[in-house]
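Let's walk through a protein model together, one question at a time. Keep the sequence and the 3D view open while you read.

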Amino acid sequence: MYAIVVNGSRQHRVEPGSTFQIDYKDVPVGESLILDEVLLVQDGADTLIGQPRVVGAKVVTEVVALAKTKTVIQKFRRRKNYRRLKGHTQPFLRVTVKEIVKAG
């Protein structure tokens, strides 16, 4: 069983037990988070395709960690005494899928 969910401007293919990153929301670690923008739910031979969303379907997740990706920008000109170093940290939420609830 798997589902395709939308978070922000990205789509994720999720299965029960899988872990993925979504945009930051103010939710503490260990709390449950419900993603209700489901585009597709596939369970064996049964496939539900939304137009554009599957009505009543949702993905129940649990927040595992606050993942961060550090980007470092460095500028350097040799023999000119010019060095610049900047950094940016983009916050994410790492979530684990607990269950996928089909419509109905």
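Q: In what order do the elements of the protein chain run from the N terminus on?
A: Start with the counts: the protein chain has 0 helices and 9 strands. Here helices (H or I, at least four residues) and strands (E, at least two) are DSSP runs, numbered from the N terminus. Read from the N terminus on, the order is β-β-β-β-β-β-β-β-β.

Q: What kind of model is this, and how are its residues numbered?
A: This is a predicted model, where local features need pLDDT of at least 70, side-chain atom pairs count only at pLDDT 80 or more, and totals for chains, interfaces and linings use all residues. Side-chain values use heavy atoms, with hydrogens and water left out, and residues are numbered along each chain as its sequence is written, from 1.

Q: Is the protein chain spread out or a compact globule, and what is its radius of gyration?
A: The C-alpha trace spans about 70 × 30 × 20 Å along its principal axes. The radius of gyration is taken over C-alpha atoms, and the globule rule is 2.2 Å times the number of residues to the power 0.38. For 104 residues that rule gives 13 Å, and the chain's value is well over this, so the chain is more spread out than a compact globule, with a radius of gyration of 19 Å.

Q: What percentage of the 104 residues counts as buried?
A: Buried means under 20% relative accessible area, exposed means over 50%, and partly exposed is in between (1.4 Å probe, protein chains only). With that cut-off, the buried part of the 104 residues is 28%.

Q: Which element gives the largest share of the largest nonpolar core?
A: A nonpolar core is a set of buried Ala, Val, Leu, Ile, Met, Phe, Trp, Tyr and Cys residues joined through side-chain atoms within 4.5 Å. The largest one has 18 residues, and Ala 3, Val 14, Phe 20, Val 38, Val 59 and Val 95 touch the most other members. Elements giving two or more residues to this core include strand E1 (2-7), strand E3 (19-23) and strand E7 (58-65). The largest share, 4 residues, comes from E9.

Q: Where is Val 95 found, and how far is its C-alpha atom from that of Ser 32?
A: Val 95 is found in strand E9 and counts as buried, at 0% relative accessibility. Contact means heavy atoms within 4.5 Å, and leaving aside neighbours within four places in sequence, the contacts of Val 95 include Phe 20, Leu 33 and Val 63. Ser 32 is 63 residues apart from Val 95 along the chain, and their C-alpha atoms are separated by 9.1 Å.

Q: Is Leu 39 buried or exposed, and what separates its C-alpha atom from that of Ile 4?
A: Leu 39 lies in strand E5, and its relative accessible area of 17% makes it buried. Leaving aside neighbours within four places in sequence, Leu 39 is in contact with residues including Ile 4, Leu 48 and Pro 52. Ile 4 and Leu 39 are 35 residues apart along the chain, and the C-alpha separation is 5.5 Å.

Q: Which residues does the cis peptide bond with omega of about 5° join?
A: One partner is Pro 52, whose place is in the loop between strand E6 (46-49) and E7. The cis peptide bond, with omega at about 5°, joins Gln 51 and Pro 52.

Q: Phi of Arg 79 is near what value?
A: The place of Arg 79 is in the loop between strand E8 (68-77) and E9. Arg 79 counts as exposed, at 70% relative accessibility. Its phi is positive, in a residue other than glycine, and is near 65°.

Q: Phi of Asn 81 is near what value?
A: Asn 81 lies in the loop between E8 and E9 and counts as exposed, at 70% relative accessibility. Asn 81 is a residue other than glycine with a positive phi, near 55°.

Q: What is the relative accessible area of Gln 21?
A: The place of Gln 21 is in strand E3. Not counting residues up to four places away in sequence, Gln 21 touches His 12, Ala 67, Phe 92, Leu 93 and Arg 94. Gln 21 is partly exposed, with a relative accessible area of 27%.
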